[in-house]
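Biologist: Could you take me through this model? I would like to begin with the chain as a whole and then turn to some individual residues.

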Amino acid sequence: GLEADDVTHISDVLIETQNEGKTTVDELASSMGRVIPTAASVNVGLEDLASQYVALTKNGINTANATTYINSMLNELGKSGTTASDMFKEVAGVSFPEYIAAGGSTADAMAILAQACEAAGLSVNDAFGSAEAGKAANVLVQHASDSTTALDNMRTMAGQTETAYATMSDTTAVKLTEMKTNLENLAITLGETLIPLVTPLIES
């Protein structure tokens, strides 16, 4: 749902996810498409979603599995009638999508759900019907600072794409290519300058 002129910010977010988590932009690009529709349906934005990837991949879950786990978790939170959805609504007073739409984050929502589970003598895993969803929620509860710090950084940072490009451009291979281009340009310039001078000598 973002506009084309948001492309640099999207790139910044993906690079920040790569920098803070244990994943790559390539892995994110090939996996995130499977969870984005679910995230959008429950009002979870790109930065929030990316911060969940940071928490999960940083704590030993690969990108492909993180996608499956997050998708399952968000799906249960957004579906009325599931234990997780009903427990959250009972404690928060609003549904999970409404909470997110009002400015809440998924990590904060998981903290609220974890407190409700603790009061009921349950673990946060018990609130979810699938093991995958429970794993995602558990990581977000146990490692909340990974997600919240990443989310804060993604909301305020800028220029990650420019920095990454500058780093890439600083490699030897790129510099050699630039030098070759410069030398070719120099040869053309010298040729254009010298040919008019040498032509009369050659002709004579």
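**Burial, shape and surface**

Modeller: Of the 204 residues of the chain, 38% count as buried. Please note that this is a predicted model.

Biologist: How many helices and strands does the chain have?

Modeller: There are twelve helices and zero strands. Read from the N terminus, the elements run α-α-α-α-α-α-α-α-α-α-α-α. The chain is more spread out than a compact globule, because its radius of gyration is 26 Å, well over the 17 Å that the globule rule gives for 204 residues.

Biologist: What box do the C-alpha atoms fill?

Modeller: Along the principal axes, the box is roughly 100 × 30 × 25 Å. As for contacts with a separation of 6 or more, 67% are accounted for by residues 24 or more positions apart.

Biologist: Turning to the surface, what is its accessible area, and how much belongs to carbon and sulfur atoms?

Modeller: The accessible surface comes to about 11,200 Å², and carbon and sulfur atoms hold 55% of it.

Biologist: Which residues make the nonpolar surface patch?

Modeller: Leu 176, Met 179, Leu 183, Leu 186, Leu 190, Leu 194, Leu 197, Val 198, Leu 201 and Ile 202 make a patch of about 1,000 Å². One of these residues, Leu 183, lies in helix α12, which covers residues 172–203.

Biologist: A different topic: where does Asn 43 lie?

Modeller: Asn 43 is in the loop between α3 (36–41) and α4 (46–58). Although Asn 43 is not a glycine, it has a positive phi of about 70°.

Biologist: And why does Asn 43 count as partly exposed?

Modeller: Asn 43 counts as partly exposed because its relative accessibility is 41%, and that class lies between the 20% and 50% cut-offs.

Definitions and conventions
Residues numbered from 1 in each chain as written. Predicted model: local features only at pLDDT ≥ 70, side-chain atom pairs only at ≥ 80, totals over all residues. Heavy atoms only, no water. Helix = DSSP H or I, 4+ residues; strand = E, 2+ residues; numbered from the N terminus. Buried < 20%, exposed > 50% of the residue type's maximum accessible area, 1.4 Å probe, protein only. Patch = residues over 30% accessible without salt bridge, like charges linked within 9 Å, V, L, I, M, F, W, Y side chains within 5 Å. Areas by Shrake-Rupley, 256 points an atom, 1.4 Å probe, with all protein chains shown as cover. Salt bridge = Lys/Arg side-chain N within 4 Å of Asp/Glu carboxyl O. Rg over C-alpha atoms; globule rule 2.2 N^0.38 Å. Contact = heavy atoms within 4.5 Å.
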